[in-house]
Each structure stands twice: as C-alpha cells, then as structure tokens.
Amino acid sequence: MLAHTDTSALPAATVQNDISIEQSRVPFTAACFAGPGKEWSLAPLQKPEDVKANPPLAYKLQRAAKSLDADRLYAPTPVDSNGEIINPAQLSRVFILGGGVVMFRNPAAPADGTLLRDPGDAGIFSAGGCGVIVTTIDDRLIFAHAGRESLIDRARILDGRPRRHESVVDSIMEAYRGLGYKSHQLTRLKAWMFYSIRPEDFLHRYDDTTYGEYNRRVGTDLEARGLGEGARRVSGGVELDLPAVARARFVHQGVPAKNIHLEHAYLADELPHTRRGGGRYLVAIVRS
C-alpha cells in the first residue's frame, strides 16, 4: 500500500488543452505537469514491485491522473524513439498506483505510442522537449511520442540503414490500416501536435564536434524528401521544426492539411527542455 491515498486538492496541470467533440469525434485532453529536475521520469518504474520502492512518484502519478479523470495509464517506453506503435495489450506489466489508478507499462517492448480505447484511458510519458501526436478517426484514438528520432530516421541518414518505418507518422497510418481502414477512408483522420520544442530553441550546428555530421545532413535530407518546411537554415546550422516535419509527413500519407492542427504544437515557456537547462515533465493524453 502507498503511504498516501488522499485525493483532495488535486494538482492542476501546468498546461492543459481540451479538444471537444465538435473538434474531434473522440474528445480528449492534453496536459503537462511540470517539475524540477527529473522527478517526473518514469525510469524508476520498470517492474510492478518498483511502486513500493518509489511511493512519491507513484502518488504523484495517481494524483495527476485523478485530476484529469483518468484511471488507466498506458505508458509506452520511447527511449529508443523507434517510431513503433504497439497494441495496448503489449503493455503487460500492471502497476497499482493506488486510489483506483492502474498503470500499464512494458520496458521490454519499447515503442512510441499505442491506442487509447475507452474514456478514462490516458497515454503518458516523461518529456524534456519532445512533442506528442494525437490522431483520431471515428471512435479510434492513437497517441505517440514525437521526438526528433521518432519523426526522422537518424540511422538511415548517417549509415544508410533504414528502419521499418521512416517516421512514427507512417507507423500511425499503418496501425489504422491494421484496424481495417483503407487509404481513402484515412483522409478523414484528424491529427494534432502538442508541446514540441520550438525550432528557434533547436539549432543543429554544423560545427558540433559530436553531432556535426548528422547536423550537416539532416536539412538536405528533409528537403530531398519533401519535408523541407521542417528545416530552417540559419547561419552555422539548421533549426528543426518537428511539428512541421510531422505535418508534411501526414500530408504525404494523404491526410488533408486542413485536418492537421498545430495550434498547440509548441512548448509553453514555463516548461523545461534539454536545450534550456533540462528538467522533466509529465505529458498526458486522456480520452474523455
């Protein structure tokens, strides 16, 4: 049992955006909970028994979930930014957080996203500048981590070794096809980007002693693939606009531009990221 079970005075999200049924056939809430340092990192929770060893973290997750009317947390492990979407059943480790809140997680099956099937389902991950994609069609909702390597195949650019899908966007579209949707039906899909690092904060310098080779190639590669709107060339480097990369990729997949929403795509000033002193916050997508 956790030492804390009180659910009064639930915390307010630092940033919260509610997408209504008029905007999406599946209404949902996107939110961020801020915190100094790495206190929102989910890394300490690898096995169900880790809950007892980390009661403050488990309690914070429970309270954040309760504040958004969520009771089932689906937490893919995006450490590899591999662009994969997995079935929720693959998140097979069950973490009892208390107060009726349960988290499903499986670090042995790394992935960027999954489906949220029912009201009260929440998709969560800990972030430091990586955005999130939410897509809906009919009564289906998929959420996914949308970091740089989730959207751009780094290994292919550097070594010519392409992965199964160039981008998490392609994996999302394949996941819907696996649910029975044909390409012409996927023109009804709607997509949102939330909480990505701003391009002006995401400069990739050509003279970087560690990453210079990638930084010099990535802008040219995006331009060659018709994704050049995601690369802003400036003096000495290129700024990556990840929401623009995602939007262009969805358009290439046949999603109408009018169905792709970037109104909340960029990180609020009060949230930390790796290029501004670091720090972790919790991202939550909750199906209403």
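**Exercise 1. Decide how helix 5 and helix 7 are oriented to each other.**

Step 1. Locate the helices. Helix 5 covers residues 168-178 and helix 7 covers residues 242-252. Helices (H or I, at least four residues) and strands (E, at least two) are DSSP runs, numbered from the N terminus.

Step 2. Read the geometry. The two helices pack at an angle of about 40°, and their axes are 9 Å apart. Axes are lines fitted to C-alpha atoms, for helices over the stretch in contact, and angles run from 0 to 180 degrees between N-to-C directions.

Step 3. Classify. Angles under 35 degrees count as roughly parallel, over 145 as roughly antiparallel, 65 to 115 as roughly perpendicular and the rest as oblique. Helix 5 and helix 7 are therefore oblique to each other.

Step 4. Name the contact residues. Helix 5 supplies Val169, Asp170, Ile172 and Met173. Helix 7 supplies Ala246, Arg249 and Phe250. Contact means heavy atoms within 4.5 Å.

A note on the model: it is predicted, so local features need pLDDT of at least 70 and side-chain atom pairs count only at pLDDT 80 or more, while totals for chains, interfaces and linings use all residues. Residues are numbered from 1 along each chain as its sequence is written, and side-chain values use heavy atoms, with hydrogens and water left out.

**Exercise 2. Find out how far helix 7 is enclosed, and what it packs on.**

Step 1. Count the buried residues. Eight of the 11 residues of helix 7 are buried, so the helix is largely enclosed by the rest of the structure. Buried means under 20% relative accessible area, exposed over 50%, partly exposed in between (1.4 Å probe, protein chains only).

Step 2. List them. They are Leu242, Pro243, Ala244, Val245, Ala246, Ala248, Arg249 and Phe250.

Step 3. Identify the sheet. Six strands form an open sheet with mixed pairing, in the order 4-7-10-9-11-15. Strand 4 (85-86) and strand 15 (260-261) are its edges, and each pairs on one side only. Two strands pair if DSSP finds at least two bridges between them.

Step 4. Check one edge pairing. Strand 11 (residues 190-194) and strand 15 run parallel, joined by two bridges. Ala191 has Ile260 of strand 15 as its bridge partner.

Step 5. Place the helix. Helix 7 packs on the sheet and touches strand 9, strand 10, strand 11 and strand 15. The direction of helix 7 makes about 165° with that of strand 11.

Step 6. Look past the end. Just after helix 7, Gly254 takes a positive phi of about 95°.

**Exercise 3. Place helix 5 and its residue Ser171.**

Step 1. Find the strands. Helix 5 lies across strand 4, strand 9 (131-137) and strand 10 (140-146). Helix 5 runs at about 160° to strand 10.

Step 2. Is Ser171 buried or exposed? Ser171 is buried, with a relative accessible area of 4%.

Step 3. Find its contacts. Leaving aside neighbours within four places in sequence, Ser171 touches Gly83, Glu84, Ile85 and His165.

**Exercise 4. Describe the surroundings of strand 2.**

Step 1. Check the cover. Strand 2 (residues 28-33) has six of its six residues buried. Phe28, Ala30 and Cys32 lie on one side, with Thr29, Ala31 and Phe33 on the other.

Step 2. Find the partners. Strand 1 (residues 15-19) runs antiparallel to strand 2, joined by five bridges. Val15 stands opposite Cys32. Strand 16 (residues 281-287) also pairs with strand 2 in the antiparallel sense, over six bridges. Ala30 has Ile285 as its bridge partner there.

Step 3. Follow Ile285. This residue is buried, at a relative accessible area of 0%. The C-alpha atoms of Ile285 and Ile124 are separated by 6.5 Å, although the two lie 161 residues apart along the chain.

**Exercise 5. Explain why Cys32 forms no disulfide.**

Step 1. Recall the bond. A disulfide is a covalent bond between the sulfur atoms of two cysteines.

Step 2. Apply the cut-off. A disulfide is counted for a pair of cysteine sulfur atoms within 2.5 Å. The closest cysteine sulfur to that of Cys32 is in Cys130, 12 Å away, which is too far for a bond.

Step 3. Give the total. The count comes to zero disulfides.

Step 4. Compare exposure. Cys32 is buried at 0%, whereas Cys130 is partly exposed at 27%.
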